[in-house]
Amino acid sequence: MVTPGLVVGLVLQSILWADKSAGTGFRFASYISNNVVLQKEPAGAVIWGFGTPGATVTVTLCQGQETIMKKVTSVKAPSNIWMVVLDPMKPGGPFEVMAQQTLERINFTMRVHDVLFGDVWLCSGQSNMQMTVLQVLNATRELSNTAAYQSVRIFSVSPIQAEQELEDLVAVDLQWSKPTEENLGHGNFTYMSAVCWLFGRYLYDTLQYPIGLISSSWGGTSIEAWSSGRSLKACGVPKQGSVPSDMVTGPRKHSVLWNAMIYPLCKMTLKGVVWYQGESNMNYNTDLYNCTFPALIEDWRQTFHHGSQGQTEQLFPFGFVQIRWHQTADFGYVPNPKMPNTFMAVAMDLCDRDSPFGSIHPRDKQTVAYRLHLGARALAYGEKNLNFQGPLPEKTELLAHKGLLNVTYYQEIQVQKRDNKIFEISCCSDHQCKWLPASMNTFSTQSLTLTINSCHGIVVALRYAWTTWPCEYKQCPLYHPSNALPAPPFIAFITD
């Protein structure tokens, strides 16, 4: 059975092809419209669209009566695409972009108004990224807080599938818009992502220049749907396995959302990406996620860099919300050698038993977005001396004669509460190993000791917060003392 979204995607794609082949479709790409935010310096923004093969297209950037720049190109066959790269622009606006097609002395002109230059971020993932501001804690207050953020513009891609990579989006839920109570709170899981909006709002508070936010997400989807065929092949992902129905409620076919909702954006110049996905891979290709996620990041980076004529950085910043260990390629932290220039928001302490959308959909998206924006400020914007990660373990020392295990951290730690179950040791005897709780004993500003008397064999490993729900809301035992960021889950092998 073919799903309706796929049918719509294929039909509209056919219409677009027919329109272009007739040579009558002079237009901007679907995501270049009034209120758009284009990427600022040091990159150049890409302006592109479709036209009549052989025609000349002149793109003019204006501010009031002043012409800032002109770029001339031609419409290429057989793609019917025209494209220019603007000179790098400082943040600000508003500007007007005019495109004029000339063929045999016949001119067609298009304009987009209220164009700003700033930083453009793409937000993608499944339902926790798709949740709207209407669904978060203190929704009424958040929805009314838009007046100061009219330079934070929002855009939402329609949920569409496709069997092949599409040149352009075939449908848009929300064209570039200034934020309003209506478009931020347009129902549940529709239009604009709350995490995306709040992330952009926090960035604007710091940067004080325009931010463009693109939401492209679909609930109940696995990483395979958002990955190209080549990146899945690189990880040895079976072509189409049996997908568990309890966790994957969205499209199940591999690559269909990459084809329809991500690849069409690749000619755009981006600042970076934020990602919130992983729940649907809890029971599906779980052990491959330590490959499929880094491969997705690398493939998106290559595709956007190439598609934007080299304007999007080859290693653009990529942030994500941590749901499980494999998202770090099993390092436990980012950036790391397999995932350079990435940042992570730990969310394991933001559980929400009473969420009307189910406990898998916690409503505190403000803290998620705040933690993400700290990572962006440090990694994407190079802000120095900014703590953007919770405490990470530096070394473990086994004090077997005392029945203790000492854990030293890179940063200072704040022990919020003693927990006798959240630390576990792997205890081995008679060629069998099992995980046992290790209760917290003493602690100082950068280290703590654990009691390991429960192990009557050899302690070979230590892990922390290794459950789906390790602690209640903001009640994990370990945080950073100055920024309230939780220590992330980890597993460490005892070498001595």
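**A guided reading of the predicted chain**

Ala77 lies in the loop that runs between strand S5 (66-74) and strand S6 (81-85). In this predicted model, Ala77 has a relative accessible area of 58% and is therefore classed as exposed, the cut-off being over 50%. A second residue to view together with Ala77 is Pro53: the two are 24 residues apart in sequence, and their C-alpha atoms are 5.4 Å apart in space.

From this loop the view may be widened to the whole chain. The protein chain contains 9 helices and 24 strands. Its C-alpha trace spans about 90 × 45 × 40 Å along the principal axes. For 496 residues, a compact globule would have a radius of gyration near 23 Å, and the 25 Å of the protein chain agrees with that expectation. Of the 496 residues, 59% count as buried. Among contacts between residues at least 6 apart in sequence, 73% join residues at least 24 apart.

The surface and the charges complete this overview. The accessible surface of the protein chain comes to about 20,400 Å², and carbon and sulfur atoms account for 52% of this area. There are 37 positive and 38 negative side chains, and the centres of these two sets lie 2 Å apart.

Trp48 offers a contrast to the exposed loop residue described at the outset. Trp48 is placed in strand S3, which covers residues 46-50. With a relative accessible area of 0%, Trp48 falls under the 20% limit and so counts as buried. Beyond residues up to four places away in sequence, Trp48 touches Phe28, Ala29, Tyr31 and Ile32, together with Ile81, Trp82 and Met83, and also Glu167, Asp168, Pro264 and Lys267. Another tryptophan, Trp325, is 277 residues from Trp48 in sequence, and the C-alpha atoms of the two are 40 Å apart.

The loop that leads into S3 holds a further feature. Pro42 is situated between strand S2 (37-39) and strand S3 (46-50), and a cis peptide bond, with omega about 5°, joins Glu41 and Pro42. A cis bond also links Val334 to Pro335, where omega is near -5°. Pro335 belongs to the loop between strand S13 (318-322) and strand S14 (342-346). Such bonds merit attention because most peptide bonds are trans.

Backbone torsions single out further positions. Most residues other than glycine have a negative phi. Asn285, which is not a glycine, nevertheless has a positive phi of about 50°. Asn285 is found in the loop between strand S12 (272-276) and H8. At a relative accessible area of 19%, Asn285 is buried because the limit is under 20%. On the other side of this helix, just after H8, Gln309 takes a positive phi of about 60°. Helix H8 itself comprises the 19 residues 289-307; at 1.5 Å a residue these should span 27 Å, and the 26 Å between the end C-alpha atoms agrees.

Ala465 likewise has a positive phi, of about 55°, although it is not a glycine. The residue lies in the loop between strand S22 (458-464) and strand S23 (478-479). Ala465 has 5% relative accessibility and therefore counts as buried.

Two further helices may be read in terms of their cover and contacts. Helix H5 (residues 194-207) has 14 residues and reaches 20 Å from its first C-alpha to its last, close to the 20 Å expected at 1.5 Å a residue. H5 is mostly covered, with 11 of its 14 residues buried. The buried residues include the aromatic side chains of Trp197, Phe199, Tyr202 and Tyr204. Arg201 and Cys196 are also among the buried residues of H5, as is Val195.

Val195 leads on to helix H9 (residues 365-379), where Val368 is located. Val368 is in contact with Val195, and, leaving aside neighbours within four places in sequence, with Tyr276, Val321, Ala345, Ala347 and Leu350 as well. Several elements thus meet at this one residue: Val195 is in H5, Tyr276 falls within strand S12 (272-276), and Val321 and Ala345 fall within strands S13 (318-322) and S14 (342-346) respectively. Of these partners, Leu350 is 18 residues from Val368 in sequence and 8.3 Å away, C-alpha to C-alpha. At 2% relative accessibility, Val368 counts as buried.

Conventions. Residues numbered from 1 in each chain as written. Predicted model: local features only at pLDDT ≥ 70, side-chain atom pairs only at ≥ 80, totals over all residues. Heavy atoms only, no water. Helix = DSSP H or I, 4+ residues; strand = E, 2+ residues; numbered from the N terminus. Rg over C-alpha atoms; globule rule 2.2 N^0.38 Å. Buried < 20%, exposed > 50% of the residue type's maximum accessible area, 1.4 Å probe, protein only. Contact = heavy atoms within 4.5 Å. Areas by Shrake-Rupley, 256 points an atom, 1.4 Å probe, with all protein chains shown as cover. Lys, Arg positive; Asp, Glu negative; His and termini not counted. Charge placed at Lys NZ, Arg CZ, Asp CG, Glu CD. Expected span 1.5 Å × (residues − 1).
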